[in-house]
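Here's a quick tour for anyone about to set up calculations on this protein. We'll go through the domains, the empty spaces, one helix and the odd spots in the backbone.

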Amino acid sequence: MKNEGAYAVLARAAALEARGARVVRLEIGQPGFETPEHVSRAGVEAIESGKTKYAAPNGDARLRDAVAAYLSRTRGVGYDAEEIVVGPGAKPGLFLPALAVIDAGRGDEVVYPDPGFPTYAAMAEASGGVGRPVPLRRDGASFDMKALEETVNEKTKMIVINSPGNPTGGVMPREDVERVAALAKKFNCWVLSDEIYSRLIYDTEDENDIFSIASLDGMKERTILVDGFSKTYCMTGWRLGWVACPTSLAERLKLLTVHSVGCVASFTQEAGIVALTGPQDSVREMRDEYRARRDYLVDALNATPGFRCPEPAGAFYVFPEFTFPCTAQELADYLLDDAHVALLPGTDFGANGERHLRLSYVGPMEDLREAVARIRRSLARKFPDM
Ligand code: PLP
């Protein structure tokens, strides 16, 4: 298994900072905003009132009810509390379903996007399955659908989709999601839909109106819908997320939770209930601010020789392609060492990420302007002919 690249760069950037450098941090995928105040307060009050004991392994029933209501409000898909399993972040919602459904002895295959979130390859590996990475189309919005259709076969046990996606910020067009659903039905496999960035789509009027593959005919029973609080409510360190899936699978995820993490901290779950049921203004405000940052960064990169940057429709990443005569790893290393700008090579997200960088725009606009100025200066020095 490989590390998540962001952690390695984080450590190198921190080492430079310890030596006095001012590093502009565009490598992290964690919101630059604080957890909404009313949510933090709910967590503190829960600790103060003694909610510090073990909780139910699949999550507090009130939180599971709140998640079910949230899913029907945002996706228009009805779920019961028994179909929800709460975990410490969305990550266990990726890992545990893979452990539950992949049969290593049968050669089960897991199909996932490349470039894609590194945990997809890791969970395929850890569950003993065969990872089948599928390239994306050039703008990063979706799979190369022809490649996907050539990859999915009788051995496919799970197709992973991630829209809006990390690292490209791409949002899959509805017709592609429908084609994924058709493949899943044809080959009788699961779809794991990682919807962690679902509230960060820029071209919708209403950020609460989310299209999920689970809403398509005959898909709820084969969809493992994963979402959480990290990105939407700026709660990365609280560790809270969930899986929505058929009850029979939820029962197996509950067992895996019992024997792995046990349960999620009780006070964290109280904060989660308030996040889902309380005011949502902070989500819209954050989305509007991210949109302005995306617009700046896409234009600035496209105006920088050597880069071509598609405009992503969601999440908080851009994934420009470059033409400099070096690898993505070399370029990312150079920019960290010379410009003190931390970002990630596209290859941290799979082999097809070569010739790309991932920049996260969670930080303030001043940081983005400073990063672009430094990147331009350093590249002009190293590649004066570009
Ligand atoms: N899925 C994707 C696509 C992500 O980018 C991340 C975090 O960066 C996660 C899942 C994990 O989120 P959590 O903090 O809820 O475990």
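The protein chain splits into domain 1 (5–30 + 282–382) and domain 2 (37–277). Keep in mind that this is a predicted model. The C-alpha centres of the two domains sit 26 Å apart, and the contact between them draws 29 residues from domain 1 and 32 residues from domain 2.

**The largest pocket**

- The largest pocket offers about 550 Å³ of space.
- Both domain 1 (5–30 + 282–382) and domain 2 (37–277) give residues to the lining of this pocket, so it lies between them.
- Its lining counts 28 residues, and Glu4, Tyr7, Gly29, Lys91 and Lys231 are the ones nearest the centre.
- Helices α1 and α4 each chip in at least two lining residues, with α1 giving the largest share, four residues.
- By class, the pocket lining has 14 nonpolar, seven polar and seven charged residues.

**Closed cavities**

- Rolling a probe the size of a water molecule over the atoms shows where empty space is left.
- Three cavities of 30 Å³ or more turn up in this model.
- The largest cavity holds about 130 Å³ of space; 15 residues line it, and Pro113, Leu136, Gly140, Asn162 and Gly165 are the closest to its centre.
- What kinds of residue make up the lining of the largest cavity? Eight are nonpolar, seven are polar and no charged residue takes part.
- The second largest cavity comes in at about 80 Å³, and Val85, Gly87, Pro92, Gly93 and Val243 lie nearest its centre among 13 lining residues.
- Two or more residues of that second lining come from each of β2 (84–87), α4 (91–101), β8 (241–244) and α8 (247–259).
- The lining of the second largest cavity has eight nonpolar residues, five polar ones and no charged ones.

**Helix α11**

- Does the length of α11 add up, and what span should its twelve residues have? At 1.5 Å a residue, helix α11 (residues 328–339) should span 16 Å, and its end C-alpha atoms are 16 Å apart, which agrees.
- Buried residues in α11 are Ala328, Leu331, Ala332, Tyr334, Leu335, Leu336 and Ala339.
- The cover over those buried residues includes helices α1 (5–18) and α12 (365–382), along with strands β11 (321–322), β12 (341–342), β13 (344–345) and β14 (357–360).
- Right after α11 comes His340, with a positive phi near 55°.

**Backbone oddities**

- Most residues other than glycine have a negative phi, and most peptide bonds are trans.
- Asp114 and Pro115 are joined by a cis peptide bond, with omega at about 10°; Pro115 is in the loop between β3 (109–114) and α5 (119–126).
- Another cis peptide bond links Asn166 to Pro167, where omega is about 15°, and Pro167 belongs to the loop between β5 (156–162) and α7 (174–186).
- Ala315 is not a glycine, yet its phi is positive, near 55°. This residue is in the loop between β9 (307–308) and β10 (317–318).
- Is Ala315 buried or exposed? Ala315 has 0% relative accessibility, so it counts as buried.
- His340, also not a glycine, has a positive phi of about 55° and is found in the loop between α11 and β12.
- With a relative accessible area of 22%, His340 is partly exposed.

Conventions: Residues numbered from 1 in each chain as written. Predicted model: local features only at pLDDT ≥ 70, side-chain atom pairs only at ≥ 80, totals over all residues. Heavy atoms only, no water. Expected span 1.5 Å × (residues − 1). Buried < 20%, exposed > 50% of the residue type's maximum accessible area, 1.4 Å probe, protein only. Contact = heavy atoms within 4.5 Å. 1 Å grid on protein atoms, 1.4 Å probe; cavity = no way out; pocket = protein on both sides within 12 Å on 5 of 7 lines; lining within 4 Å. Points joined across faces, edges and corners; volume = space filled by probe spheres on them. Nonpolar A, V, L, I, M, F, W, Y, C, P; charged D, E, K, R; others polar. Domains from an automatic or database assignment.
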